[in-house]
Structure formats: C-alpha cells, structure tokens
Amino acid sequence: MKPFRSSSSSLLSPMAAAVTVVAVSIILSATAVPPVAAATVEHTFVVSQVNMTHMCNEIPVTVVNGQLPGPTIEVTEGDTVIVHVVNKSPYNLTIHWHGVYQMRNCWNDGVPMVTQRPIRPNGNFTYQFDVAGQEGTLWWHAHDAFLRGAIYGALIIRPRNGAASYPFPKPHKEIPILIGEWWEKDLAAVDRNFSRGLYDEFSSGSTINGKLGDLFNCSGVFEDGYVLDVEPGKTYLLRIINAALFSEYFIKIAGHKFTVVAADANYVTPYTTDVIVIAPGETMDALVVADAAPGRYYIAAQPIQAPPPDTQTPEFATRGTLQYTGGVTNSSRADVVAPEMPHEHDTIKSFYFHGNLTGLRHRQRAGAGARRRASLRHARAGLHMPARPQVVQERDEPKSNQVIANMNNVSFHDATATPILEAHYYRRGGNGVMRLEPTSRATVVRRFRHGDVVDIVFQSTAMLQGDSNPMHLHGHDMFVLAQGIGNYDAATDEAKFNLVNPARKNTVLVPNLGWAAIRFVADNPGAWFIHCHFEFHLAMGMAAVFVVEDGSTPNTSLPPPPPGFMEGSP
Ligand code: C2O
C-alpha cells in the first residue's frame with residue numbers, strides 16, 4: 001500500500017502544490033536515493049470540436065482541451081491517475097490508456113462495449129487507475145475508432161527513484177515525439193464509411209507533434225514544422241509514439257544516430273541505429289547525442305507500405321527540424337541537412353529493426369514469465385487481411401459482400417447490448433464465440449484461466465495484401481519469442497524462440513506476410529481487447545476479446561465496478 005498520498009493535481013490550489021514540494025524535499029534531505037512519495041495526478045479532459053486551419057483549409061477537429069496532440073500526462077511509477085472526461089463533442093467516445101496494465105482494474109480500460117458503455121455527448125466519466133510496475137513511454141487515445149486520429153496524447157512514467165535509476169546515462173532533456181496524421185475529413189464519417197465498405201478514405205498529411213512541416217504548403221506558404229532545440233554535446237531522450245491510424249514509419253534525423261533504450265515502456269538492450277521503425281501503437285525511447293556540427297537537421301518520418309502488387313495508397317512523409325542553439329543564423333530551408341530515407345517499400349528494414357529489440361535482462365521483473373512453460377501452446381491466430389479495394393464500392397452493397405479483416409476467419413463485431421466485461425462479471429456472458437449474425441461476423445471471446453501461460457503465433461495470411469499487423473493486447477505485455485517471414489512451422493521455428501531476453505511489448509508487429517510468436521501470462525482478471533492497431537484493420541474486424549477468469553483469492557480477482565460506474569448508462 002502507499003505510505004503517503006499527496007497530490008500534484010492541476011485542479012488544486014497553489015497551497016496544495018506547495019505542500020507536495022515541502023513533503024518531497026524532506027524526503028530528499030533524509031535519504032541518499034530519494035524515493036518520491038506516490039501522488040495523485042489529476043486532469044480534466046474536455047473533448048470538443050475546435051476549428052483548425054492547415055493548408056488553407058479550416059475544419060472542425062474533435063480534440064481534448066483544444067490541443068492537438070492532447071495534454072501529456074506525466075507521472076511517477078506508483079502514482080494514481082484521475083482523469084475527468086467531459087464530452088462536449090457530438091460523438092460517443094471512451095478514452096483508453098494504451099499500455100497501462102490496469103491490474104485488477106479492467107473497468108477503467110476504456111474500450112466501448114468491451115469494458116464500458118461509451119460516454120455520450122454531454123456526458124462525463126471519471127477514469128481512475130494506478131500506474132504501477134512499469135516505467136517509460138505510453139500514451140492515451142480515444143477508442144472509438146477513427147476519432148483517435150485527433151484525440152491522443154503522451155503518458156510518461158518516470159522511475160520512482162528518479163532519473164538516476166535509468167539504465168542509461170541521465171539525459172539532459174526528455175522530449176515527446178508524437179507521429180500522427182492530419183485528416184481533413186470528418187473522422188466519424190470516415191468510420192461510418194469504413195463500416196459500410198467504403199475504403200477510399202485517406203489522411204491529407206503526416207504530423208510530428210501536430211505539425212505538418214515544410215513538405216506541405218498552400219500557395220507557396222509552408223506549414224510550420226516541429227522544432228527541437230539542442231545544445232551541443234548534450235544528450236536527449238526522445239519518447240517516440242506512433243499515434244497514426246494507418247502507417248508504420250521510418251524515422252531519421254540527418255547527421256545523428258539513435259540509441260533505442262526502451263519500447264512500449266519496457267527497457268531494451270541499448271541498440272544503436274540511424275533509423276527507427278515504428279508501427280501504429282508502438283512507442284520507442286531513444287537517446288540522441290547532439291554531436292554533429294552545429295546547424296540544422298531535418299527530423300523526418302516516412303510512411304512504409306508493402307510493394308506492388310499490393311494496393312498502393314497515398315501516404316505522406318513529414319519533417320521537423322533539430323537545431324543547435326548558438327551559431328545558427330541562416331534561416332534558409334536550403335541550409336537544413338536532409339537525411340537519406342529508406343525506400344517506402346523497404347519492409348525488410350522493419351523486420352530487422354524489430355528483430356533486433358531484446359529485453360534488458362537485469363531490468364526484467366523476476367519471474368516475469370518468459371521462461372515459464374506455456375500451459376496453452378500453439379494457439380494460432382490467423383490474421384487475414386484482404387486486398388484493399390481500389391474502387392469505391394456501392395454504398396448499398398449488402399453487408400455479406402463486404403471485404404472484412406479477421407482473426408481465425410471470424411471478423412469481430414461489437415457487442416450491442418451489454419459491455420462484455422459487465423456481462424462476464426455478472427455471469428451473463430456466453431462462452432467462446434457469440435455469433436450475432438449468421439455470417440462470419442461475431443463477438444469473439446476467448447477465455448483463459450488465471451495464471452495461464454499462453455503462447456500465440458500470429459500468422460498473416462493475407463493474399464495480395466501484405467500489410468504488417470501491429471497486434472495490441474490490453475492489460476498485459478507480451479514476450480516476443482520469435483518472428484519470421486512466410487508460414488510458421490512449429491517443427492523448425494520453435495527452436496528459434498528467445499527465452500533468455502525477449503522484448504516485452506504491448507504491441508507486437510507481425511511482419512508483412514510473416515508471423516510472430518508471443519507468450520503472455522494471463523494474470524490480470526477482466527475482459528481485454530486484442531486487435532490490430534491499424535485502424536483500417538480494426539474497423540474491418542481484426543480483433544477479439546480475451547477474458548481472463550478470476551484467480552482463487554481476492555487478490556487475483558476483479559473487484560466490483562467502482563461506485564457510480566453504471567450510472568449514466570443508457
Ligand atoms: Cu491503443 Cu485498443 O488500443
């Protein structure tokens with residue numbers, strides 16, 4: 001239990017904030033390695049439509065607190081987070097805390113009709129969760145389909161014992177870098193179109209921290225780009241988040257290298273590279289040393305897509321600038337050094353980049369499970385993604401003719417009456433696949449006993465469509481045991497499993513036309529969504545729900561819903 005609870009709430013008076021500072025400074029003077037007392041970090045998220053103008057086009061965008069990206073939540077490991085969501089938008093929505101374990105707190109996971117009913121327009125909902133047992137970069141986003149294209153922000157967890165306990169040299173500064181997209185379309189309409197089989201919807205640009213940058217212009221006026229000011233010789237920790245709906249990206253900074261030190265809020269064996277590859281849903285923490293000649297350098301993000309015969313879609317690179325303080329006088333764009341980017345079809349770079357990530361051994365929690373024998377082995381999840389149609393389909397085409405994505409040949413369909421967690425908790429839920437229509441669409445629920453060690457092989461089974469699939473599991477991290485191109489073959493591929501220092505991820509990239517083998521310990525009771533983090537694939541049903549049963553003790557069981565949880569339910 002927490003010894004002490006102070007508050008760093010932005011809603012509290014300056015007096016309360018001062019009390020926090022005093023309490024902390026006493027501890028600082030009393031111990032050599034000061035553990036910071038657990039605090040409550042409180043935010044209010046007002047979701048509303050605001051008008052924004054880019055490329056000469058003013059459009060309404062649904063965002064949190066008028067910002068794009070939304071506010072950064074900064075916490076210390078062990079803190080409690082309270083977020084009051086006030087929905088002033090015309091849409092139903094929920095907010096999901098991507099990668100937060102939510103141990104025995106599935107009620108606050110924020111997935112519509114899986115863990116809660118959506119927050120209605122003019123409604124509000126308060127999320128509360130502890131951020132315990134994890135540190136690094138996570139994020140939050142709307143979980144109502146395409147709305148997350150503009151409703152997202154960083155969630156940064158610092159170590160309880162301070163920056164001195166990072167397993168790498170303490171950086172001079174820590175900088176969130178959120179890769180996103182600029183949509184000139186109404187995202188709710190895009191969502192509706194996708195569910196009606198109209199897939200011809202694309203963003204108008206890519207962004208770094210909400211800025212399009214100088215690859216975009218309107219009548220010769222360049223868009224603002226993100227600028228990172230650095231001091232010569234100093235080290236910066238970039239906390240990179242791919243919040244985009246559609247694209248995996250290459251990220252490079254001209255003249256500089258990255259040392260990747262963490263991914264999905266888990267430390268990795270430091271890995272030095274000139275290019276980072278990041279799929280939707282992933283985060284990468286990387287150190288960058290400002291050791292180049294003082295000047296200006298582009299920070300570029302280039303989308304990746306599978307080569308033809310796959311359908312080619314419009315994708316946009318974006319760039320910001322890293323500039324050295326002092327000595328930079330010339331402001332001409334021509335003087336900014338540009339990196340040489342990999343080809344957009346160079347998907348094998350992503351395969352190798354992800355294959356090079358391994359867990360930092362001495363920082364993995366004891367008994368964390370990678371070496372535990374799997375009790376359920378060789379569960380297979382076939383990820384079938386049909387070709388993205390080139391032509392816009394007829395609006396009134398019957399549902400059964402629609403192209404759908406699926407896992408194991410069943411395309412996920414939202415529960416319509418009762419959220420799955422509620423049905424499960426009150427034992428009203430069915431077992432296994434609840435088929436809602438006499439088709440291949442269903443609400444797919446897979447049950448696990450508490451403590452099951454589960455091995456899954458995600459196999460991309462696409463024909464003519466070689467997208468990678470970033471598979472994201474809520475409420476648990478997964479150990480990435482191995483990955484490969486082609487079809488998984490247990491006879492030969494199991495020997496390749498890394499049981500020594502596998503990377504731990506909440507989002508595992510299944511390579512184009514390949515497979516990834518993962519293991520997770522089902523130790524968190526609740527109903528957890530698992531899905532592809534490409535919104536296109538999710539919208540088409542590449543998803544399922546894993547129900548983890550209660551264990552035998554109160555400490556391994558899901559508590560009742562928080563007071564007031566059902567209030568405001570329709
Ligand atoms: Cu970041 Cu269910 O997603």
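**View 1. Glycine 99 is a buried loop residue.** Glycine 99 has a relative accessible area of 9% and is buried, because the cut-off for that class is under 20%. The model shown here and in the other views is predicted. Glycine 99 sits in the loop between β6 and β7 (124-130). Its contacts, leaving aside residues up to four places away in sequence, are Gln134, Leu138, His472 and Asn506. A further reference point is glutamate 282, which lies 183 residues from glycine 99 along the chain. The C-alpha atoms of glycine 99 and glutamate 282 are 9.4 Å apart.

**View 2. Four strands form an open sheet.** The strand order is β4-β9-β8-β6, and the pairing is mixed. The edges are β4 (73-76) and β6 (95-98), each of which pairs on one side only. From one strand to the next, the twist averages 20°. Within this sheet, β8 (residues 136-142) and β9 (residues 152-158) are antiparallel partners, with six bridges between them. One position to pick out is tryptophan 139, whose bridge partner in β9 is alanine 154.

**View 3. Strand β29 is largely enclosed by the rest of the structure.** The strand covers residues 469-473. Five of its five residues are buried, so the surrounding structure largely encloses it. In a regular strand, side chains alternate between the two faces of the sheet. In β29, Asn469, Met471 and Leu473 point one way. Pro470 and His472 point the other way. Residues on both sides are buried.

**View 4. Strand β29 pairs with β32 and with β34.** Strand β32 (residues 507-510) runs antiparallel to β29 and is joined to it by four bridges. Across this pairing, histidine 472 stands opposite threonine 507. Strand β34 (residues 526-532) is also antiparallel to β29, over three bridges. Here leucine 473 faces isoleucine 530. His472 also belongs to View 1, as one of the residues that glycine 99 touches.

**View 5. One disulfide joins cysteine 56 to cysteine 218.** The S to S distance is 1.6 Å. The pair counts as a disulfide because its sulfur atoms lie within 2.5 Å. The angle about the S-S bond is -105°, and the link of cysteine 56 and cysteine 218 is left-handed. The two cysteines come from distant parts of the chain, 162 residues apart. Cysteine 56 is in the loop between β2 (39-54) and β3 (57-64). Cysteine 218 is in strand β12 (residues 217-218). Which of the linked cysteines, 56 or 218, is exposed, and which is buried? Cysteine 56 is exposed, at 54% relative accessible area. Cysteine 218 is buried, at 13%.

**View 6. Cysteine 106 and cysteine 532 are buried.** Cysteine 106 has a relative accessible area of 0%. Cysteine 532 also counts as buried, at 0% relative accessibility.

**View 7. Phenylalanine 45 and tryptophan 140 form a tilted ring pair.** The whole structure holds 21 aromatic pairs. For phenylalanine 45 and tryptophan 140, the ring centres are 4.6 Å apart and the planes meet at 45°, so the pair is tilted. This pair links distant parts of the chain, with phenylalanine 45 in strand β2 and tryptophan 140 in strand β8, 95 residues apart. Both phenylalanine 45 and tryptophan 140 are buried.

**View 8. Phenylalanine 448 and phenylalanine 546 meet edge-to-face.** Their ring centres are 4.9 Å apart. Their planes stand at 75°, so the pair is edge-to-face. Phenylalanine 448 is in strand β27 (residues 441-448) and phenylalanine 546 is in strand β35 (residues 543-548). Along the chain, phenylalanine 448 and phenylalanine 546 are 98 residues apart. Both are buried.

**View 9. Ring pairs build an aromatic cluster.** Its members are Phe45, Trp97, Trp107, Phe125, Tyr127, Phe129, Trp140, Tyr425, Tyr426 and Phe565. The cluster takes in Phe45 and Trp140, the tilted pair of View 7.

**View 10. Arginine 319 lies over the face of tyrosine 298.** The distance from arginine 319 to the ring centre of tyrosine 298 is 3.7 Å.

Methods: Residues are numbered from 1 along each chain as its sequence is written. This is a predicted model: local features need pLDDT of at least 70, side-chain atom pairs count only at pLDDT 80 or more; totals for chains, interfaces and linings use all residues. Side-chain values use heavy atoms; hydrogens and water are left out. Two strands pair if DSSP finds at least two bridges between them. Axes are lines fitted to C-alpha atoms, for helices over the stretch in contact, and angles run from 0 to 180 degrees between N-to-C directions. Buried means under 20% relative accessible area, exposed over 50%, partly exposed in between (1.4 Å probe, protein chains only). Contact means heavy atoms within 4.5 Å. Rings of Phe, Tyr and Trp (its six-membered ring) pair if their centres lie within 6.5 Å; planes under 30 degrees apart count as stacked, over 60 as edge-to-face and the rest as tilted. A charge sits over a ring if NZ of Lys or CZ of Arg is within 6 Å of the ring centre and within 35 degrees of the ring normal.
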